[in-house]
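Okay, thanks everyone for squeezing in. I'll put the structure up on the screen and then walk you through it, so stop me if anything is unclear.

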Amino acid sequence: MIRVLLADDHRIVRDGLAALLRQAPDIELVGLAEDGPAVVRLARTLQPDVVVTDISMPGLNGIEAVRRIRAESDLPVLCLSVHDEDRLVLAMIEAGAMGYLQKDCSCDELVQAVRQVAARRVYL
């Protein structure tokens, strides 16, 4: 099983993504975070196989959250965002994310990206 921590500041998006990920037979959702500080804290305590996070979150943006997570551990991180600007993709990768996916992706693409990042393969 791939243990996933999911972070998004919009409850409806977070709940929808959680429901989608729970449908995959090889994915176990171990935590939900609503902001940057929560995702850093939960990554530390839960030690998931993959962290899936947004960029735009209150308290601490996703880029800084990834930087902090990666400074403490080698947990693989997948960014899922509405943003498609090259500078944000690059900033997230430089912070330590192993993958970047836009929120207009298909359900299958999200699950595939989680699997690849869990296997420590870059997904862009």
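Let's begin with Arg 120, which is partly exposed, with a relative accessible area of 43%. You'll find Arg 120 in the segment after H5. What catches the eye is its backbone: Arg 120 has a positive phi of about 65 degrees, although it is not a glycine. Keep in mind, by the way, that this is a predicted model.

Gln 47 is another residue to look at on that score. Its phi is positive too, at about 45 degrees, and Gln 47 is not a glycine. Where does Gln 47 sit? Look in the loop between H2 and S3. With a relative accessible area of 41%, Gln 47 is partly exposed.

Right, on to the sheet. This one is open, has five strands and uses parallel pairing, and the order across it is S2-S1-S3-S4-S5. Which strands are at the edges? Those are S2 and S5, residues 99-102, and each of them pairs on one side only. If you tilt the view, you'll see a twist: on average, neighbouring strands of this sheet are turned by 20 degrees against each other, ignoring direction.

Let me zoom in on S1. Five of the six residues of S1 are buried, so this strand is largely enclosed by the rest of the structure. Towards S2, the two strands run parallel and are joined by six bridges. As a landmark there, Ala 7 stands opposite Ala 33 in S2. Towards S3, which is residues 50-53, S1 pairs in the parallel sense over four bridges. On that side, Leu 5 stands opposite Val 51, and Leu 6 stands opposite Val 52.

Now S3 itself. Val 50 and Val 52 point one way from the strand, Val 51 and Thr 53 point the other way, and all of them are buried. S3 also pairs with S4, again in the parallel sense, this time over three bridges. There, Val 51 stands opposite Val 77 in S4.

So much for strands; let's do helices. H1 covers residues 11-22, which makes 12 residues, and at 1.5 Å a residue it should span 16 Å; its end C-alpha atoms are 16 Å apart, which agrees. Which residues of H1 are buried? They are Arg 14, Leu 17, Ala 18, Leu 20 and Leu 21. These cover an arc of only 165 degrees around the axis, which puts them on the same side of H1. For anyone who wants the background, an α-helix has 3.6 residues a turn, so residues three or four places apart point the same way. Turn to the face of H1 that points away from the buried side, and you get the exposed residues Arg 11, Ile 12 and Arg 22. And what covers the buried residues of H1? The cover includes strands S1, S2 and S4, plus helix H5, residues 107-118.

H3, residues 62-72, is the other helix I want to show. Its buried residues include Gly 62, Ile 63, Ala 65, Val 66 and Ile 69. Looking down the axis of H3, the buried residues fall within an arc of 160 degrees, so they line one face of the helix. Among the elements covering them are helices H2 and H4 and strands S3 and S4.

Just ahead of that helix there's Met 57, in the loop between S3 and H3. Is Met 57 buried or exposed? It's buried, with a relative accessible area of 8%. Leaving aside neighbours within four places in sequence, Met 57 is in contact with Ala 7, Asp 8, Asp 9, Asp 35, Gly 36, Val 39 and Gly 62. Compare that with Val 122: Met 57 and Val 122 are 65 residues apart in sequence and 23 Å apart in space, C-alpha to C-alpha.

Last stop, the cysteines. How many disulfides does the structure hold? Zero. Cys 105 is in no disulfide, and the nearest cysteine sulfur, that of Cys 107, is 7.5 Å away. Why no bond for Cys 107? Because its closest cysteine sulfur, in Cys 105, is 7.5 Å off, which is too far. As for their surroundings, Cys 105 is buried, with a relative accessible area of 19%, while Cys 107 counts as partly exposed at 45%.

That's my tour, so over to you for questions.

Definitions and conventions: Residues are numbered from 1 along each chain as its sequence is written. This is a predicted model: local features need pLDDT of at least 70, side-chain atom pairs count only at pLDDT 80 or more; totals for chains, interfaces and linings use all residues. Side-chain values use heavy atoms; hydrogens and water are left out. The expected span of a helix is 1.5 Å times one less than its number of residues. Buried means under 20% relative accessible area, exposed over 50%, partly exposed in between (1.4 Å probe, protein chains only). The arc is that of the directions from the helix axis to the C-beta atoms. Contact means heavy atoms within 4.5 Å. Two strands pair if DSSP finds at least two bridges between them. Axes are lines fitted to C-alpha atoms, for helices over the stretch in contact, and angles run from 0 to 180 degrees between N-to-C directions. A disulfide is a pair of cysteine sulfur atoms within 2.5 Å.
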